[in-house]
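Here are some notes for a colleague who is meeting this structure for the first time. They are best read with the model open alongside.

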Amino acid sequence: MTKPYIIAPSILSADFARLGEEVTKVIDAGADFIHFDVMDNHYVPNLTFGPMVCKAIKPYCKNALIDVHLMIIPVDSMINEFAKAGADIIVFHPEASLHVHRSLNLIKDQGLKAGLAINPGTPLSYIEANINQIDMILLMSVNPGFGGQSFIPGIIEKIHQTRILIDKSGRDIILEVDGGIKIDNIADVVRAGANAFVMGSAIFNTPDYSQTISNLRNTLAKT
Ligand code: DX5
Ligand code: ZN
């Protein structure tokens with residue numbers, strides 16, 4: 001049965017020295033996606049991991065999809081590398097690509113789901129212009145670069161607007177929100193129209209991932 005809501009733990013807040021074990025634990029706890037935050041100290045002021053680490057965690061991901069969030073510039077040269085490394089979904093920031101349509105095509109040509117990531121200061125016109133090519137929209141509710149930041153309240157209205165665009169398109173597009181989501185604001189995020197939730201610190205900084213994810217699902221079910 002397809003779950004109506006997608007929980008996507010970001011391994012940015014996991015223990016990097018025990019990454020395989022962390023991925024196993026969070027998947028056994030009920031994660032749907034493994035959110036993989038790629039940062040290059042150029043597009044964002046931080047540096048994380050690349051395709052080699054994606055390939056290393058792939059065998060631990062079981063049925064969970066690897067949701068690669070590229071915060072890198074340029075984009076195109078890395079798409080093939082992440083496809084080979086086992087990515088299932090690749091999302092990039094349109095400002096980081098000179099030719100957004102071409103980058104989306106490169107992802108689709110690999111047989112993967114493609115998406116655009118929209119920063120708090122980025123207009124939704126990028127979504128309108130590319131809606132027929134995308135499978136997922138990642139709306140940032142913090143400025144990209146770091147885990148553990150606070151949710152920007154104004155993004156709730158942007159989620160509403162994005163939901164309207166998706167419904168108008170008639171296409172089956174995942175609306176994922178990323179940054180500062182916690183047990184006490186996830187209800188607002190789902191009510192605004194999101195159906196996928198990236199969470200780093202709110203999952204990995206808790207002692208029992210199963211308990212945390214089941215609390216989140218209970219909150220979603222009651223909303
Ligand atoms: C930030 C990343 C997020 C981040 C979310 O640039 O894209 O995925 O890990 O972390 P939390 O849930 O702690 O805000
Ligand atoms: Zn992310």
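1. The model is a predicted one, and a convenient place to begin is the ligand, where an N or O atom in the side chain of His-35 lies 3.4 Å from an oxygen atom of ligand 1.

2. Two further polar contacts deserve a look: a polar side-chain atom of Asp-178 is 2.7 Å from an oxygen atom of ligand 1, while Gly-200 contributes a backbone N or O atom that lies 2.8 Å from an oxygen atom of the ligand. The protein covers 100% of the 380 Å² of accessible area that ligand 1 has on its own.

3. Ligand 1 sits in the largest cavity, and of the 20 residues around the ligand, those that come nearest are Asp-37, Gly-145, Asp-178, Gly-200 and Ser-201.

4. Turning to the nonpolar residues, the largest core has 71 of them, and Ile-11, Phe-36 and Val-68 are those with the most contacts inside this core. Apart from it lies another core, of 13 residues, which includes Ile-6, Ile-89, Ala-196 and Val-198.

5. Leaving aside residues up to four places away in sequence, Phe-36 touches, among others, Ile-11, Phe-49, Val-53, Ile-57, Val-68 and Phe-82.

Conventions: Residues numbered from 1 in each chain as written. Chains lettered and ligands numbered in written order. Predicted model: local features only at pLDDT ≥ 70, side-chain atom pairs only at ≥ 80, totals over all residues. Heavy atoms only, no water. Core = buried A, V, L, I, M, F, W, Y, C linked by side-chain atoms within 4.5 Å. Buried < 20%, exposed > 50% of the residue type's maximum accessible area, 1.4 Å probe, protein only. Contact = heavy atoms within 4.5 Å. Near = heavy atom within 4 Å. Polar contact = N/O pair within 3.5 Å; in protein donor to acceptor, adjacent residues only side chain to side chain. Areas by Shrake-Rupley, 256 points an atom, 1.4 Å probe, with all protein chains shown as cover. 1 Å grid on protein atoms, 1.4 Å probe; cavity = no way out; pocket = protein on both sides within 12 Å on 5 of 7 lines; lining within 4 Å. Sits in = over half its atoms within 2 Å of the grid points.
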